[in-house]
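User: I would like a close look at one part of the model below, followed by whatever context helps to place it.

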Amino acid sequence: MRKNVLKFLSLLTILALMSTTLAIVMVGCGDKNNDNKNDPTNTNAIVDDLPRGEDGKFDATLLENVQLNLWSVIGLPDQEILLDLVKEFNKQYAGMIEIKVTSVGHYDYYNALDSTYANDYSNFPDVCLMHNEKNIEYALKGYFYPLDELIDKTGIGIDFANAYDNIEKTTIHDGKHYGIPIDAHGYLTQIRQDIIKKNGLGFDGNTRFVPQNYEEYQTLLEGLRALADSGELWVRNINLDQDHSWYQLKNGNPNLDAAAQATVDNFYPVFFHSQESDNLTALYVNGGSLLDANGKVAFQNNEGLKQYITDHVNRFNSKLYGDAGNKEAAFPTGQVVMFSEGPWQVANTYDIWWNNKQLSTAGKLGVTEEDAADPIYANPYTVARPYYMADDSAPAETASKWYGNGHVITVTKKVTSMQKVAAALIFAEWLTQGQDENGNYNLTEWCKAGHLPAWQNVYESDSYQAAAAKSITLTAMGDPADIIALESTRYATTLIAGLTTAVGDIQSQLLSVDGCTVELALEKLLATANSTQEALNLLNLGIK
Amino acid sequence: MANLDNKPVDGAMEVSSKDAGKILKKSGYKIANNDVDAFVSLKDINKIYPNGVQAVYDFNIDISENDFIVLVGPSGCGKSTTLRMIAGLENITSGFLYIDKVLSNYTSSKDRDISMVFQNYALYPQMTVFDNIAFPLRARKFRMPMEATLVKANTQVIDVLNGRIDEFKEAVANAKDKALSYGTAVEYVATKMKICDEAAKILCKTKAADPEKIKQSAKATIDAETKKISSKGYTMDENYRLLKDGEPQYHLVKMSKEEIRRRVFEAAEILDLGPYLDRRPKELSGGQMQRVALGRAIVRNAKLFLMDEPLSNLDAKLRVQMRSEIVRIHEQIGATTIYVTHDQTEAMTMATKIVVMSKGWVQQIGTPQEIYYNPSNIFVATFIGSPAMNIFDAEYDNGKLLFKSGYEISLSEDYVARHNEYYKAKIQDLRRMLDTDDFKKMHALKVLDKVLFSIDAQKDAYAIEKAVNEVLKIVQDTECGAAIKDLVSHYKEDNNGNPKVDKKWLLRIREPLLSFDKIPSRDIGILHNAQVFSKEEIVVEDALYYQKPKKKNNKKNVKSNINLNSTDIQFVNNLYEVASNLLAKCEKALAGKHPIRVGVRPEDIVLNDEFTGNKTDKFVVNSNIVELLGSELLIHSEFAGSNIIAKISTNVLIKPHTDVELAMNKDKILIFDDSCGDRI
Amino acid sequence: MARNQITSEQYIGFLKKKDFREKGKFNIGKVVSFAVLLIFCIVWLSPFVIMFFGSLRGYADTMLYPKELFYPHSGYTLENYEMLLLGKLPEGIGQVNSVQDYKIGTWFLNSCFSAIGGTVLYLFVASLAAYAFTFIDFKYRNVLFAGIIASMIIPGAATAVGNQSMVYSMGLNRSLLALIIPGLGGVYGMYLIKTFFESIPKDLIESAKMDGYNNFKIFYKIVLPLGKTVLFVQGLFGFMGGWNDLIWPQMLYGAKDNDLWTLQVGMAYIINNSKSSNLIGSALAGGVICLLPVLIMYIIAQDKIIEGMSSSGIKG
Amino acid sequence: MAKTIVLEEYAKQRSKRIGLFKKYGITAVFLLPYLAAFITFFVIPLFYGIYISLTNFQYGKPGIETFNSFMWFKMIFDKSYMPGIYNSFWLAFVHTIMFAVIMVPIAILLPLGLAILVNQKPPGFKLFRALIYMPSIVPLTASGTIFTLLFMSKSQHGVLAEFFGIETMWFIDTWFSFNLFGQTVEIAYAWIPIFFMCLWGGWGGNFIILSAGLQNVPKHLYEAADIDGCSTWRKILNVTIPGIKPQLVLCLFTTILGYLGLYGQNYVLSGGGPSIAAIASMPAGGKTSTLMYFIQDLVANNLQFKSSLYGLGAAASLVFALFAGIISGIQMYLTREKKTGTKISEAYNKWHEIR
């Protein structure tokens, strides 16, 4: 028997040697323009083949059909608007620049980026239109060029001064821009102002229905809860072609039979806040930050965030917060008064549905004259920024602000010809600063989908202000200056994941059988922060 | 599981049906039949397979204690099926099986206290030989006598301490130094000093340090034990078995490891399997495997041994050796054995009683000499004995046998008497049969069928009229005759005038004819032999009649689903026909000249000048092949139309292809009837 | 003999059998096993029933009347299937932020191609290798076989990145070949086929050799026909494996163009989307669509396979 | 003078050479396709994996890695070096072992019991055989959906919650906790849905192989056991189970490997389970994490880990392979063919001597 084992071992060693040599050989042939990948900051791989006019300056018209492959992270529904804009751009620059857009869903955009970069470099995109949070993380992985130098070289007039620096800061690392910011948006809170008005819980004499600060928000929630518990709360269903008559909770919804009634009758003023942006808003509004000066995880010692978490525990325990469930279904039936969701849904879906004409035509579907006449009852659905996040300890300059992420255009290291770089920059400049013939900015078209422009001149332009007046989302989102974008860090994924896991862990603990106390919640926050710190040390180890 | 020890209740007891169940339950479903005196007896055992093929017809046999019965016959004659029925592996279709006077038709095979050796040995591949043999002992509880073990152990301890301490010490020393892997030292001591394990254990534990103290404690335990036994109302006999008012008590208990080991070693000793006890079956040769299978059967010393062609897988030399071994073991153990084989030499050498079977019927039961010297019919004669008996076709003319080649043998007077008396008895027997009701019914059926199943006859009313009258005449004095008579009269009234033919009505007449239940199996056996062993070929549709070798039974041709309850069954080779033409033949035979078959065993054909006994006239034959078989010579030659074999002692050397003068030993000539093959 | 013709002797035997009422041993084993198996199957197939009925229930009913699973409040609707196959969203739901439209047709064809193609190719290659390992004894045969078997222990993840870069460097990933070629090295199937080939009696092969068959003819004419059953069995296991595999195709094509996706990857994408926006009905419908083709193929093949397996005696 | 050679000698050499070539040629033709696929898609990636685990390999940038002096292995085995990774790895290890210890026997005994029942050939056994195998052809996504629907909470109208009123929050609460080597290990309720999903569809292959094995047990052994007076239960123990030992060993081997590599069910049902705060951001930092989950988190799921900690994933999978190798080695040793000893025959000789 032993002779056999010896033979087996010898065979194994031969196999091992053979394949390791093969592996090294294979790996050797695999390295593609390695130096380009190692040092994220150098741009010397680019060949300067710019067509120059007589005066030595670059002239865009001399470009002959430069092909650009753009990956966009934008999903439906605002995907159509982006594609129209690109079609428009291609028409304007026909023959010179042609951009082909591949849209990869946010679910697997970065997975695709990584695997194509590693294994299938030939399919790697030239231009990436992606989230601004991940800009620095992927730049420092060696995916994107620093743009300032290139902008000067091509002479394309992108003046970062016009951009809001509170949004622009996520694209800057060691003073270099790695991406051109386009827009910004935060998570808005959807509010049933008709229920608030009907039950007389509005502010300044029941005329304003959006709580501007912490106390107003708290009183509104408690008021709704008290009424719901006593059964006097008036609610109605504003879904399309459902019966819109008011009814009090205690005598149940007239047009639902007993079985349906059983599943619907639990009422909560507000559902859990949706994960990412609300946590970051609570952190940034109260002056906190994910990392402190010397790069250590710091979100756990921010007083505001702690208050936000204690609110979570207390409000849930006192039945002010409801389970996540299906927010889109519970809101119109009057089961919940407020919930927070991304802005892209607001404009073209929620607004059209819930502020529909049926609510303003009296006589049909249980709508009384008084309901039809009253502007609030006619369009019960409104949207607002989460003003109530600021704790009293919040510093003045951040108290009225809120967190928002946005999109950014970057030029990838795949591009090795200056022409392509120029074309990309032209497109970026066209999208962000370009104007059509009667002076309104292309960016406004894009912002109509529910985004704030990252550029001041576009914000202040009357074309934008006119569009904003019409769109409920843009008016609600207000001034881009109030947006606090994510600090620029290479660990964005891990840090955001750390914060989200902490809050998520607490929320699910609340749902568990033995509930959750404030001390346990804070303890969990601390523990998760430590483990995130450890993950950071790990990543540092790996990246070195 | 039926418990083994309570008395079987008497089967013949008349009991009200209500409490019959209770009695049966109390006796553990064991019914004894006191008028059955044999140890194992089979009464009218039949086996009909679900597809209608009958494998065993009316098997009757009485086997007494430590008999060696051999069922022998060509393959497919139902011998293995019978054995499996006794073993309980097949259901018994009809008839009663008594093992040790207990009706055990439906007792499961493990309660029948039998052990079996299979043709392919059926050894458990994963167990060692020791485990294979010990398996039956470990598998169940046994009926062991209750013993006062403690008392026995302690008394033995005392008598060892009194006299044999040094012997004990030496045994213990022996046990240790040889590092016996003999289970434990205790068992070695126990076996060596012939004391029970318990005693050996006490001694070894205390190492007989100070004999006095051990003796006190032993005595104390003995008194305590005896007090306990007597309190329970038992008394103790000399070898410590518990008796209750004089009767030894039995209880069901698992056999102890030591007991198992002893028995298996004894079995191994008998079969000298010593060196192979650790081996796996697949590492053994055919002979060894067969001996292990035997060991497994022996070790349980069951009352009944069943062997299903155990030697058929062995080579010739080993087979001879194993045969003598089985016989030796049988004598040593003395258990009744039922042995199945298709090799007639095995049957002759081993059996005390041989059962020759053919096509499901028992041809003859008897001792080997009986079977060899006066076979009951031609099949048994040709089957037993090798080389086979020579058969000649000849004519019998009151006392003289005329062979085809003109050769003539005149028979002695008493033979002629026996011949005529045989035929008279046969004729009388057949006539008796033909008068029985059932045969009359068969006759009536034959007549009716001729009409019923031929299409043209149905048109001609007159033929029906005639047939029906004839049936009436045949049947009028049987008990169903009256019923048929009023049926026929009934026929006359309703269709008055025009004699309308009604098939349904004919079938209704036929119905009472279809029940025959009083035909004794002996008669059916005779008629069966007449069909099978008669000389001229009767086209017998074999498919239905015998157990055909298992063809791929595609649904079409095998009639597994004959609807036997329907009335329009058509009978083929009706028993009545067979009986009647057998009768005709016998009468003709009595009258005068009739064909006959003569059988002479090879050793009875002798050299004319050598043989001094009562021999027939000599005849000259040309020997074409001469085989030398050790001490005898086999001469193959042609005589009277069939080739014959003569067995001659070798002191006279016969060269092939020379003329030889042969003669037949007159009083060893056997005459067989032509039509039914019986020996006259 | 014509119908209903028997000998009188047999008829007498039949009469004896009738009045003795042959009582076969009442087989408790069969009755008990029937009862236990019946209960087991009912309990074990209830999830299938839940899945099927759940997928026939409209979106509104799922929310409002969760209790009425087997008879939905407003009757059975094919709404969920429409959503999956035609991409028609039931009203009352916002735009599900999916990016790729649902190309169930192409995904189904991709799945078929990769599962069937992969299995057939693997059967051919594995049976060739199994033939070599059983019937041709070359120098290091046993050691090599032991080495291959030992490789079964190593988990897939250990070779994941190597495989991935190998596939990309060979440029297989632009087509569906990347799902087929790596699978050809599978060990379990070859092991199964080898154990079965071992049960083929050696003398059959030797006699064929005597008649002048060379190895290929023996392989083609004798070993394959005999090995039909194990090829069927491995075919079933291979097809199931290929059809249900999710991690490997997702790793290869997960990201970009969805016309290279297999049905599993597509369904996983749909189910994740619908589960996040609480469309339980369409998630179940996705499950049913994944399951149906395999189910049909299994029902057709299972009788032959299990019969073949049992009679052929796959030892192991 | 030209070299002379005896003709016969030359003929022998030539035939030997051709023989050699023909034999190896044929084996090459037969073996080549399989071996080529096996080498390129298993052996080379395996050694490439080993190579990666020994260097600080960056996912995106092959070729620039340098030897990292067993950093990843130190991290897995040395508690003080990186406690988070150490804790989450060995917690996953404990989870995998406990689940395998519970699940493997069931996944062998249940199909064995059913195979024996089907082997009794009750009426309609063909239908039963088909139905029993059916759950295991269900793909992971489909069965995942069914079980999530079954185990969802009351507010999400899960079937168990609605129909049977079982209110436990399966994917949140912990069932019980015990401490092991000074650490408290919390067993989450989420393990129950995973257990049922594995119970439902994991063992179809075993059932088929065992029922095939049962057909080959020779009938006459059952008859012999009957005669020897066996009860049905003892018959199963002494005839049926030893008869199908080779199949049982094969099933045991594949089932152990299958459940050691448990990942799909955890990913689909509970996504690694309710997160444990202390190791929340570590790979597989949840209560239903398994070894494979730890590896997949590093190698595929979490992009940040994937790009910079790929080496750790490769190292972990090697440790896993080693560990699986040890377990299958033990299993093979335990189920090997026993050698024939000589103990009993010696005892017999002694016994024979004494008498």
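What percentage of the contacts in chain B with a separation of 6 or more is accounted for by residues 24 or more positions apart? Please go on from there to the other chains, with some detail on chain A.

Analyst: This is a predicted model, and every value below is to be read in that light.

The figure for chain B is 70%: that part of its contacts with a separation of 6 or more comes from residues 24 or more positions apart. Chain B is built from 23 helices and 28 strands. It has 680 residues, of which 36% are buried. As for confidence, the mean pLDDT of chain B is 78, and 88% of its residues reach 70 or more. One stretch calls for caution. Over residues 539–560 of chain B, pLDDT stays under 50, and the model has 22 contacts beyond four places in sequence for this stretch. Where pLDDT is low, predicted coordinates should not be read in detail, so those contacts are best left uninterpreted.

Chain A is described here by domains, strands and one residue. Its domain assignment gives two parts, each made of two segments: domain 1 covers 60–185 and 404–478, and domain 2 covers 188–403 and 487–543. The centres of the two domains of chain A, taken over C-alpha atoms, are 31 Å apart. Where these domains touch, domain 1 of chain A supplies 21 residues and domain 2 of chain A supplies 18. On the domain 1 side, the elements of chain A that give two or more residues are α5 (134–139), β4 (172–173) and α23 (472–477). The most, 4 residues, comes from α23(A). By class, this side of domain 1 of chain A has 8 nonpolar, 8 polar and 5 charged residues.

Two pieces of strand pairing in chain A can be followed in detail. Strands of a sheet pair through backbone hydrogen bonds, in either a parallel or an antiparallel sense. In one piece, strand β1 (residues 66–72) of chain A runs parallel to strand β2 (residues 97–103) of chain A, and 7 bridges join them. Among the bridge partners, A:N69 is matched with A:K100 in β2(A). Helix α3 (residues 79–92) of chain A completes a right-handed β-α-β unit with β1(A) and β2(A).

The other piece is an open sheet of 5 strands in chain A, in the order β12-β11-β13-β8-β14, with mixed pairing. Its edges are β12 (321–322) and β14 (381–384) of chain A, each of which pairs on one side only. Strand β8 (residues 188–192) of chain A is joined to β14(A) by 4 bridges, and the two run antiparallel. One of the residues to look at here is A:Q190, whose bridge partner in β14(A) is A:V383.

A single residue of chain A is also worth following. A:L452 lies in strand β17 (residues 452–453) of chain A. A:L452 counts as buried because it has 28 C-beta neighbours inside 10 Å, and the cut-off for a buried residue is 20 or more. Apart from neighbours within four places in sequence, A:L452 is in contact with A:D183, A:A184, A:H185, A:C447, A:M477, A:P480 and A:I483. By contrast with these contacts, A:N301 is 31 Å from A:L452 in space, C-alpha to C-alpha, with 151 residues of separation in sequence.

Chain C has 15 helices and 1 strand. Of its 316 residues, 47% count as buried. Among contacts in chain C between residues at least 6 apart in sequence, those that join residues at least 24 apart make up 70%. The domain assignment splits chain C into domain 1 (28–77) and domain 2 (104–312), with 32 Å between the domain centres, taken over C-alpha atoms. Their contact takes 8 residues from domain 1 of chain C and 7 from domain 2 of chain C. On the domain 1 side, the elements of chain C giving two or more residues are α2 (28–55) and α3 (59–64). The largest share, 4 residues, is from α2(C). That side of domain 1 of chain C divides into 3 nonpolar, 4 polar and 1 charged.

Chain C also touches chain D, in a contact that takes 75 residues from chain C and 74 from chain D. On the chain D side, helix α1 (residues 7–53) of chain D gives the most, with 19 residues. The side of chain D that touches chain C has 51 nonpolar, 19 polar and 4 charged residues.

Conventions:
Residues numbered from 1 in each chain as written. Chains lettered and ligands numbered in written order. Predicted model: local features only at pLDDT ≥ 70, side-chain atom pairs only at ≥ 80, totals over all residues. Contact = placed C-beta atoms within 7 Å. Nonpolar A, V, L, I, M, F, W, Y, C, P; charged D, E, K, R; others polar. Pairing = 2+ DSSP bridges. Domains from an automatic or database assignment. pLDDT = per-residue confidence, 0-100. Buried ≥ 20, exposed ≤ 12 C-beta atoms within 10 Å, placed from the backbone. Right-handed = clockwise from strand over helix to strand, strands pointing away.
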